[in-house]
Amino acid sequence: MQRFPDYKDILEIENRVKNDGIPNKLLFNYIIQILRRLKTEKELNVISNVVKYISNNLRFKYMNLEEDHLLSLIEENPKIFKLKVLKSNDGKDLNLIIPLPEISDYQSLIRKKPHSYINYESYEDILNQLKMKPSNYIIANSIYNRIEQILNSRFNYNITVIKYGSVPINLAAKNSGCDALIQFPENFSLNYINVEFEKVKRYFQESGYKFISEWKTSQGSRVLRFKDYNSDFIIDIGVYEEILVKKTNLISAYCNLHPDIYDTIMLIKIWADRRKLNSPDNTHVVSSYCHVLMFITYLIIIGAVPNLRTIPPGFRLWKAKEIEYSPEINPLQNSGPDKICSGYCELISYENTIIPIYFNKDVKVELGYNWDTQKVITGYFYFMGFEYNYRDWDISIYHGNIVESSVRVDSIDSQTKLLRVRNPFKLDQIESNAALPWCIDGLKWEFTRGYKLLCNSNWNELYNEAIPPSAEDLGKLSSRLWVSWNLGLNKL
């Protein structure tokens, strides 16, 4: 079995992909992390090891900043960073990112929301503290009941409120919200439903719910977000689509394979939430659902679980063999639909097409003799941080494998999508919606960080919340940046 590398090997591995055009130096990753989280208005205990690795292992070479988005973020936060233009030896302009130590105004702002550093002794402790409590599941279900009562009492036609997302399948973190879909009569057009959603918005506000925001899905249907009047729950109300329920049921089927499988999926979901990696609308990374799809695909690749789409009905027990935590990846080249279990599929309508859907909902798993929760998550972090080819590969839970990308990437710019997670049922659709280069760089940094921490069994640091850095941390980073510049000046 391949040995996971020590952290000292990181730079050597990173250099393999330096020609891909993806910024991948740890210092630049670190700056991206700071910028990406500035709007969270929470404070951060920065990982001390990052500063150590920057000072010990890197000679920072100034880079020309070509991503407009990164430049705009720096300009929007003048109390955190500034740009300085220097001349290289050949007379070219070089952009220098300088983190400023004097950010007392920003510090006073985030101190209004104090952050408590919590100690987690084991992953069991993390699950006990950070997944949703049974009492909150009861509250969530009462919210669903109230929603249905409000709508049925106001509309003069029959509607159905359908639960979906993490709450109905018991996969909710402690701060997860309630997701609900409204099923209108079949003869209602989407345009008419969107008009009726204005009534939904008004009825909720009249019932005491605080309206927060709204947006439209890629299919054009409205989604409304409210704050519950009687709890801290956030409620998202959308339009019923059968495929959304099937997606929820697919994740539930994998969670039900074995209690240890459920635990690892829950740990990945909590990790993405704690590290602010699961909110495409404000941190520009993939959703929690995509994180779960990616991790389950890894579990299939290493032989920990079966691909449920390939298990016929009536098959009740699947026995795992030896788990290969660091597998050799051979991406599938023919990644189109196949005929596996085609005789058992259910046909549903989605985006004016008919989609065949099948997965075994009843099978259980007997785990391999070398199953280890920590090794599974460590292996996943290593795979996504060091081995995964973000430019040329797609992740497909449908195939239970990595597949050759459906998109040819000849050159990378600020709008190139580099993390493509395929829809589990509609193969020509990419599920991820915000996986741009600068986002991927930050995500890769989180994977490498997680790998290093779990190599040292440091669950505690892994699951402490990601928050912006202090003035002292930025001051230390600034001094090391200048030292590194002086060391690397003649190598430009």
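**Asparagine 278 and the nonpolar cores**

In the predicted model, the side chain of asparagine 278 forms a polar contact of 3.0 Å with the side chain of serine 288. A polar contact at 3.5 Å links the side chain of asparagine 278 to that of aspartate 273. Asparagine 278 itself is located in the loop that runs between helix H10 (259-274) and helix H11 (280-283). Its relative accessibility is 18%, so asparagine 278 is classed as buried, the cut-off being under 20%.

Serine 288, the partner in the 3.0 Å contact, falls at the start of helix H12 (residues 288-301). The largest nonpolar core of the model comprises 82 residues, of which Tyr254, Phe381, Met384, Leu419 and Tyr463 touch the most other members. Helix H12 supplies 10 residues to this core, the largest share. Residues of the core are drawn from both domain 2 (128-240) and domain 3 (244-471), and the core therefore lies between these two domains. Another core, of 31 residues, lies apart from it; Met132, Tyr137, Tyr157 and Phe197 are among its members.

An unreviewed UniProt entry carries the annotation "transmembrane region" for residues 286-308. In the model, the chain over residues 286-308 is 61% helix and 0% strand. The C-alpha atoms at the two ends of this stretch are 24 Å apart.

Notes. Residues are numbered from 1 along each chain as its sequence is written. This is a predicted model: local features need pLDDT of at least 70, side-chain atom pairs count only at pLDDT 80 or more; totals for chains, interfaces and linings use all residues. Side-chain values use heavy atoms; hydrogens and water are left out. Helices (H or I, at least four residues) and strands (E, at least two) are DSSP runs, numbered from the N terminus. Buried means under 20% relative accessible area, exposed over 50%, partly exposed in between (1.4 Å probe, protein chains only). A polar contact is a pair of N or O atoms within 3.5 Å; within protein, one must be able to donate a hydrogen and the other to accept it, and residues adjacent in sequence count only if both atoms are side-chain atoms. A nonpolar core is a set of buried Ala, Val, Leu, Ile, Met, Phe, Trp, Tyr and Cys residues joined through side-chain atoms within 4.5 Å. Domain bounds come from an automatic or database domain assignment. UniProt positions are given in the numbering used here, feature names are shortened, and annotations may be inferred rather than shown by experiment.
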